[in-house]
Amino acid sequence: MAKNYSFYQDLAAELPEIPTDTTISRMIYDDDHIRVVVFGFAPGQELTEHTSAMAAILQIVQGEATLTLGADSLEVAPGAWVRMAPNLPHSVKSKTEVVMLLTLIKGSGS
């Protein structure tokens, strides 16, 4: 019988070792409602400013980064959580090695 849940004991362990000067990602869940991706950033790596047509939730699992949300710049660390409306310009720049969980909410576009 198939399980009706998904479980990850350690999200950071879902990524291979994060190479120097690289950002990596791995999709860990995808259905009709949400897509969940784990990102790993080497120190100093950046996702440059972009937008998403879907609402999204970011959670910092490990490390420290600067998160830009529209005109606001926030210093984030493990435990930081943010919900972003569709089409909000945002970027992420890691200070240390960072593991970040991204949840995209399908059908939430404006």
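**Exercise 1. Place Asp21 and work out whether Asp21 is buried or exposed.**

Step 1: start with the accessibility. Asp21 has 57% relative accessibility, so Asp21 counts as exposed (buried is under 20% relative accessible area, exposed over 50%, partly exposed in between, with a 1.4 Å probe and protein chains only).

Step 2: find the spot. Asp21 sits in the segment before β1 (23-30). Helices (H or I, at least four residues) and strands (E, at least two) are DSSP runs, numbered from the N terminus.

Step 3: check the backbone. The phi of Asp21 is near 60 degrees, a positive value in a residue other than glycine. For background, most residues other than glycine have a negative phi.

A word on what you're looking at: this is a predicted model, where local features need pLDDT of at least 70, side-chain atom pairs count only at pLDDT 80 or more, and totals for chains, interfaces and linings use all residues. Residues are numbered from 1 along each chain as its sequence is written, and side-chain values use heavy atoms, with hydrogens and water left out.

**Exercise 2. Do the same for Asn87, and say where Asn87 lies.**

Step 1: Asn87 belongs to the loop between β7 and β8.

Step 2: its phi is positive, about 70 degrees, although Asn87 is not a glycine.

Step 3: with 40% relative accessibility, Asn87 counts as partly exposed.

Step 4: look across the chain. Thr51 is 36 residues away from Asn87 in sequence, yet the two C-alpha atoms are 4.9 Å apart.

**Exercise 3. Describe the chain as a whole: which elements does it have?**

Step 1: count. The protein chain has 0 helices and 9 strands, so to speak a pattern of β-β-β-β-β-β-β-β-β along the sequence.

Step 2: get the dimensions. The C-alpha atoms fill a box of roughly 45 × 35 × 20 Å along the principal axes. A compact globule of 110 residues would have a radius of gyration near 13 Å, and the 14 Å of the protein chain agrees with that. This radius is taken over C-alpha atoms, and the globule rule is 2.2 Å times the number of residues to the power 0.38.

Step 3: look at burial and surface. Of the 110 residues, 33% count as buried. The chain exposes about 6,600 Å², with carbon and sulfur atoms supplying 52% of it (areas by the Shrake-Rupley method with a 1.4 Å probe; for residues, only the protein chains shown count as cover).

Step 4: check contact range. Among contacts between residues at least 6 apart in sequence, 62% join residues at least 24 apart; contact means heavy atoms within 4.5 Å.

**Exercise 4. Which strands pair with β4?**

Step 1: take β9. Strand β4 (residues 55-62) and strand β9 (residues 98-105) pair in the antiparallel sense over 7 bridges. Two strands pair if DSSP finds at least two bridges between them. Ala56 has Leu104 as its bridge partner in β9.

Step 2: take β7. Strand β7 (residues 81-84) pairs with β4 over 4 bridges, in the antiparallel sense. Here Gln59 stands opposite Trp81.

Step 3: zoom in on Ala56. This residue of β4 is buried, with a relative accessible area of 2%. Leaving aside neighbours within four places in sequence, Ala56 is in contact with Val82, Arg83, Met84, Leu102, Thr103 and Leu104.

**Exercise 5. Trace the hairpin of β5 and β6: how many residues lie between the strands?**

Step 1: strand β5 (residues 65-69) and strand β6 (residues 72-76) run antiparallel and are joined by 5 bridges. One of the pairs is Ala65 with Val76 in β6.

Step 2: the hairpin has 2 residues between its strands, and Gly70 in the turn has a positive phi of about 60 degrees.

**Exercise 6. Find two more strand residues, Gly40 and Ser91, and list what each touches.**

Step 1: Gly40 lies in strand β2 (residues 34-41) and is buried at a relative accessible area of 0%. Not counting residues up to four places away in sequence, Gly40 touches Leu15, Ile18, Thr22, Thr23, Ile24 and Val98.

Step 2: Ser91 is in strand β8 (residues 90-94) and counts as buried at 9% relative accessibility. With residues up to four places away in sequence left out, Ser91 touches Leu47, Thr48, Glu49, Thr66, Leu67 and Thr68.
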